[in-house]
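Thanks for making time. I have one structure to go through, and I will take it strand by strand.

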Amino acid sequence: FNIKTDTYDSELQGVFDTGNNNSIVTGVSFRVNTVHSELLSGHNRQEIWGLYLQDDLRLTEKFIVTAGARYDYHPLVGGNTSPRAAMIYTPKEGHTVRLSYTTAYSLPTFVESYLSRDISIIQFRGNRDVEPEKISSWELGYSGALHERVKTTVELFYNELEDFITFLPAPDAVLLFGNTYSKYSYYNRGKYKASGGEVGLDFYLADDLVARGNYSYQFIWNDEAGTRVSYSPLSKANAELRYDPKRGMNATTW
């Protein structure tokens with residue numbers, strides 16, 4: 001199916017230095033999304049606007065606090081606010097400790113909202129009443145230079161996720177045959193918790209040659225099912241060797 005989309009974005013931002021090691025960032029944004037497709041019940045248009053405010057306060061030479069929030073209004077899901085805050089401590093040059101709390105959400109897509117298609121006797125429909133997917137996240141991290149050519153990062157995290165937009169049989173669907181139903185649509189389902197951490201090292205073998213490696217552990221729990229999400233691996237590891245001169249070609253193996 002042909003799907004034509006257009007997006008128009010505008011944003012106005014201001015940065016204000018209020019003195020006493022304090023600065024404020026504020027702004028407003030406005031977005032217009034349009035989509036036209038036979039798959040999505042013809043022509044649809046959405047106008048989304050947002051406001052945000054962030055305050056950066058340097059309490060001491062070594063301690064910075066950042067706090068802010070963003071409010072967005074969507075014509076289908078209404079208003080959503082996403083606050084966030086962080087504390088950054090630099091005990092000495094080249095070493096940083098960060099504690100942060102963040103909330104965010106993912107808006108439903110055009111397909112999830114406006115899908116309209118029949119295949120034989122089976123109906124596929126969007127749902128304009130679904131809520132955004134949401135996440136709340138705590139992170140504690142450290143980054144520092146163990147040596148002039150060795151840098152390390154350590155991260156711990158805890159996330160709570162909910163209201164995943166999932167394609168499911170509709171409540172009024174009729175079982176046709178096997179596991180096939182007469183109607184499908186999108187609904188909010190699921191509540192999960194994810195926790196874990198990551199350790200990474202950067203070795204600068206030369207000014208233009210660096211070897212990187214990291215290992216991460218992530219445990220995801222499905223609150224509704226009362227089980228671990230088994231298809232998400234517990235462990236991941238990455239390694240990379242990168243040659244990146246100031247001029248000329250670069251190369252990477254990973």
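Before the residues, a cut-off: a residue counts as buried under 20% relative accessible area, as exposed over 50%, and as partly exposed in between. Keep in mind that this is a predicted model.

Start with L140, which is found in strand β9. Its relative accessibility is 39%, so L140 counts as partly exposed. L140 also belongs to a nonpolar patch on the surface, together with M87, Y89, V97, L99, W138, L156 and Y158. The accessible area of these residues together is about 690 Å². Which strands supply the patch? At least two of its residues come from each of β5 (78-92), β6 (95-106), β9 (133-147) and β10 (150-169).

Stay on β9 and go to L146, which has its place in that strand too. Is L146 buried or exposed? L146 counts as exposed because its relative accessibility is 56%. Leaving aside residues up to four places away in sequence, L146 touches T152 and L201. If you want a distance across the chain, L146 and E240 lie 94 residues apart in sequence, and their C-alpha atoms are 19 Å apart in space.

Now the pairing. How do β9 and β10 pair, and over how many bridges? They pair in the antiparallel sense, over 13 bridges. The connection from β9 to β10 is a hairpin through 2 residues. For one position to look at on screen, find K134, which stands opposite E162 in β10.

On to the next partner. β10 is joined to strand β13, residues 183-206, by 19 bridges, and these two strands also run antiparallel. Here the position to look at is L161, which stands opposite Y192 in β13. So β10 has come up with two partners, β9 and β13.

Last residue: H74, which lies in strand β4, residues 63-74. Why does H74 count as buried? Its relative accessibility is 2%, and the cut-off for buried is under 20%. What does H74 touch? Again not counting residues up to four places away in sequence, H74 touches Q46, I48 and L107. There is also something closer along the chain: a polar atom of the H74 side chain lies 3.0 Å from the backbone nitrogen of L76.

To recap the three residues on the accessibility scale: H74 is buried at 2%, L140 is partly exposed at 39%, and L146 is exposed at 56%. That is what I have.

Definitions and conventions. Residues are numbered from 1 along each chain as its sequence is written. This is a predicted model: local features need pLDDT of at least 70, side-chain atom pairs count only at pLDDT 80 or more; totals for chains, interfaces and linings use all residues. Side-chain values use heavy atoms; hydrogens and water are left out. Helices (H or I, at least four residues) and strands (E, at least two) are DSSP runs, numbered from the N terminus. Buried means under 20% relative accessible area, exposed over 50%, partly exposed in between (1.4 Å probe, protein chains only). A polar contact is a pair of N or O atoms within 3.5 Å; within protein, one must be able to donate a hydrogen and the other to accept it, and residues adjacent in sequence count only if both atoms are side-chain atoms. Contact means heavy atoms within 4.5 Å. Patches are made of residues with over 30% relative accessible area and no salt bridge: like charges are joined within 9 Å, nonpolar side chains (Val, Leu, Ile, Met, Phe, Trp, Tyr) within 5 Å. Accessible areas come from the Shrake-Rupley method with a 1.4 Å probe; for residues, only the protein chains shown count as cover. A salt bridge is a side-chain nitrogen of Lys or Arg within 4 Å of a carboxyl oxygen of Asp or Glu. Two strands pair if DSSP finds at least two bridges between them.
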